[in-house]
Amino acid sequence: MPICMMIVNGAGARCGRLAGVEKVKVRGPGFRVPETRWACARCRGEEIAVVAPEIPDGARDSRIGPRCGACLSHRAGPSGVCPSCRSAMNFHARENPSRPPRHGSKARRAIQVAKPEVVAGYKYGDVILRIQAELNGGA
Ligand SMILES: [Zn+2]
Ligand SMILES: [Zn+2]
């Protein structure tokens with residue numbers, strides 16, 4: 001099974017993800033002719049829809065604090081999502097109040113997992129809560 005061969009940091013570490021790996025032609029600073037490499041969807045720059053797992057309170061690392069429930073990589077604020085995901089959510093609520101964010105987007109995941117009691121205090125809280133009910137209410 002192929003794994004992602006893309007270099008992800010300055011130390012030359014490989015990404016190693018298995019999800020959505022496909023062959024791509026890449027060019028690097030050291031070679032002129034494109035080489036074939038395996039690259040996962042993330043390294044190819046495609047957004048992947050991620051279903052955020054429920055993080056039980058007991059499993060959270062109290063030292064670093066809870067992770068963002070939407071991107072799972074940054075530290076969450078009081079709303080349960082990180083500042084980056086929160087701004088994506090607020091931006092969507094301001095620009096597109098009449099429809100939910102597209103599938104797989106950061107804003108959509110953020111709205112789905114944000115804590116309603118915190119979101120209610122946001123400027124666009126009513127919009128976010130309405131979209132959240134639409135997304136999480138099934139159907
Ligand atoms: Zn990768
Ligand atoms: Zn986030």
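## Histidine 92 and its surroundings

In which helix is the place of histidine 92? In this predicted model, histidine 92 belongs to helix α1. With a relative accessible area of 6%, histidine 92 is buried, because buried means under 20%.

Outside the residues up to four places away in sequence, histidine 92 touches Pro97, Arg99, Pro100, Pro101, Ala107, Ile111 and Ile131. Two of these partners, Ala107 and Ile111, also appear among the buried residues of α2. Another partner, Ile131, takes part in the contact that α4 makes with α1.

## Proline 100 in the α1–α2 loop

Proline 100 lies in the loop that runs between α1 (83-95) and α2 (106-113). Its relative accessibility is 22%, and proline 100 therefore counts as partly exposed, since the buried class is restricted to values under 20%.

Which residues is proline 100 in contact with, leaving aside its neighbours within four places in sequence? The list consists of His92, Arg108, Ile131, Glu134 and Leu135. Glutamine 132 is 32 residues apart from proline 100 along the chain, and the C-alpha atoms of the two are separated by 8.3 Å.

## Packing of α1 against α4

The axes of α1 and helix α4 (residues 125-136) come within 9 Å, with a crossing angle of roughly 95 degrees. The two helices are therefore roughly perpendicular to each other, because angles of 65 to 115 degrees fall in that class.

On the α1 side the contact is made by Met89, Asn90, His92 and Ala93, and on the α4 side by Val127, Ile128 and Ile131. Sorted by class, this contact of α1 with α4 has five nonpolar residues, two polar residues and no charged residues. A general property of helices bears on such lists: an α-helix has 3.6 residues a turn, so residues three or four places apart point the same way.

## Packing of α1 against α2

How are α1 and α2 placed relative to each other, roughly parallel or roughly perpendicular? Their axes come within 8 Å and cross at roughly 100 degrees, and α1 and α2 are therefore roughly perpendicular. From α1, the residues Ser84, Cys85, Ala88, Met89 and His92 make the contact, while α2 contributes Lys106, Ala107, Ala110 and Ile111. These residues divide into six nonpolar, two polar and one charged.

The buried residues of α2 are Ala107, Arg108, Arg109, Ala110 and Ile111. The elements that cover them include α1 and α4.

## Packing of α2 against α4

The axes of α2 and α4 come within 8 Å and cross at roughly 90 degrees. This pair, too, is therefore roughly perpendicular. Arg108, Ile111 and Gln112 of α2 meet Ile128, Ile131, Gln132, Leu135 and Asn136 of α4. By class, the contact of α2 with α4 has four nonpolar, three polar and one charged residues.

Some residues of this contact recur elsewhere in the model. Arg108, Ile131 and Leu135 are among the contacts of proline 100, and Ile111 and Ile131 are among those of histidine 92.

## Zinc ion (ligand 1)

The zinc ion (ligand 1) has as its protein donors the SG atoms of Cys4, Cys15, Cys40 and Cys43, which lie 2.3 Å from the ion. The angles among the four donor atoms are 105 to 114 degrees, and the site is tetrahedral. The sequence spacing of the donor residues is C-x10-C-x24-C-x2-C.

Are cysteine 40 and cysteine 43 buried or partly exposed? Cysteine 40 counts as buried, at 1% relative accessibility. Cysteine 43, with a relative accessible area of 29%, is partly exposed.

## Zinc ion (ligand 2)

Cys68, Cys71, Cys82 and Cys85 supply the SG donors of the zinc ion (ligand 2), lying 2.3 Å from the ion. The four donor atoms subtend angles of 103 to 115 degrees, which makes the arrangement tetrahedral. Along the sequence, the donor residues are spaced C-x2-C-x10-C-x2-C. Cysteine 68 and cysteine 82, 14 residues apart, are both placed in the loop between β2 (31-39) and α1.

Cysteine 68 is buried, with a relative accessible area of 0%, and cysteine 82 is buried at 1%. Another donor residue of this site, Cys85, belongs to the α1 side of the contact with α2.

Technical notes. Residues numbered from 1 in each chain as written. Chains lettered and ligands numbered in written order. Predicted model: local features only at pLDDT ≥ 70, side-chain atom pairs only at ≥ 80, totals over all residues. Heavy atoms only, no water. Helix = DSSP H or I, 4+ residues; strand = E, 2+ residues; numbered from the N terminus. Buried < 20%, exposed > 50% of the residue type's maximum accessible area, 1.4 Å probe, protein only. Contact = heavy atoms within 4.5 Å. Axes fitted to C-alpha atoms, helices over the stretch in contact; angles between N-to-C directions. Parallel < 35°, antiparallel > 145°, perpendicular 65-115°, else oblique. Nonpolar A, V, L, I, M, F, W, Y, C, P; charged D, E, K, R; others polar. Donors = N, O, S within 2.8 Å, 3.2 Å for Na, K, Ca; no water. Tetrahedral: all angles 85-135°; square planar, octahedral: opposite > 155°, others 65-115°.
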